[in-house]
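Q: Please take a close look at one part of this model, the open sheet. I want its pairing, its packing and the ring contacts beside it.

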Amino acid sequence: MFSCGRGTNGLLGHGDEEEQRLPKHIVALKEKVVAVSAGWGHSMALLASGAVWSWGAGWNGRLGHGDEEDQLLPVQIREASD
């Protein structure tokens, strides 16, 4: 998977906040990506295995990791335990 554009809050998933004017491979996503969803400041990817990964701005818990931390690299969303 590739991304480009504004990198604020890790939006592009490259491990930094740099602007990327040309498409750049997101190396953290090693499996086949079958679907992508992008918001104003975050992105999510569904992998062929069924795993969901998210990255970018973590405001209001939007990344699904149980906190509000920004993620500069894709992080797999873990199912909450009861």
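A: What follows goes through the sheet, then the core, then one edge strand, then the rings.

This is a predicted model, in which local features need pLDDT of at least 70 and side-chain atom pairs count only at pLDDT 80 or more, while totals for chains, interfaces and linings use all residues. Residues are numbered from 1 along each chain as its sequence is written, and side-chain values use heavy atoms, with hydrogens and water left out.

Start with the sheet. It is open and has 4 strands, in the order β3-β4-β5-β6, with antiparallel pairing. β3 and β6 (71-76) stand at the edges with a single partner strand each, so one side of each has no neighbour in the sheet. Neighbouring strands are turned by 15 degrees against each other on average, direction ignored. Such angles are taken between axes, which are lines fitted to C-alpha atoms (for helices over the stretch in contact), and run from 0 to 180 degrees between N-to-C directions. Strands here are DSSP runs of E with at least two residues, and helices are runs of H or I with at least four, numbered from the N terminus. Two strands pair if DSSP finds at least two bridges between them.

Now the pairs. Strand β3 (residues 33-38) and strand β4 (residues 42-47) are joined by 5 bridges. A hairpin of 3 residues links β3 to β4. Ala38 has Ser43 as its bridge partner in β4. On the next seam, 5 bridges join β4 to strand β5 (residues 52-56), again antiparallel. There, Met44 stands opposite Ser54 of β5.

Next, the packing. The largest nonpolar core holds 7 residues: Ile26, Leu29, Ala45, Leu47, Ala51, Trp53 and Trp55. A nonpolar core is a set of buried Ala, Val, Leu, Ile, Met, Phe, Trp, Tyr and Cys residues joined through side-chain atoms within 4.5 Å. Buried means under 20% relative accessible area, exposed over 50%, and partly exposed in between (1.4 Å probe, protein chains only). β4 and β5 each supply at least two residues of this core. Beyond four places in sequence, Ala51 contacts Ala45, Leu46 and Gln76 (contact means heavy atoms within 4.5 Å).

Turn to the edge strand β6. Gln71 lies in it and counts as buried, at 17% relative accessibility. Leaving out residues up to four places away, Gln71 touches Asn9, Gly10, Ser54, Trp55, Gly56, Leu63 and His65. Val75 also lies in β6. Val75 is partly exposed, at 28%. Its contacts beyond four places are Val52, Trp53, Ser54 and His65. The C-alpha atoms of Val75 and Ser54 are 5.5 Å apart, although 21 residues separate them along the chain.

Last, the rings. The count is 1 aromatic pair. Trp40 and Trp59 form it: tilted, 5.6 Å centre to centre, with 35 degrees between the planes. Rings of Phe, Tyr and Trp (its six-membered ring) pair if their centres lie within 6.5 Å; planes under 30 degrees apart are stacked, over 60 edge-to-face, the rest tilted. Trp40 sits in the loop between β3 and β4 and Trp59 in the loop between β5 and β6, so the pair ties together parts 19 residues apart in sequence. Trp40 is exposed at 61%, while Trp59 is partly exposed at 31%. Arg6 lies over the face of Trp40, at 5.2 Å from the ring centre. That label needs NZ of Lys or CZ of Arg within 6 Å of the ring centre and within 35 degrees of the ring normal.
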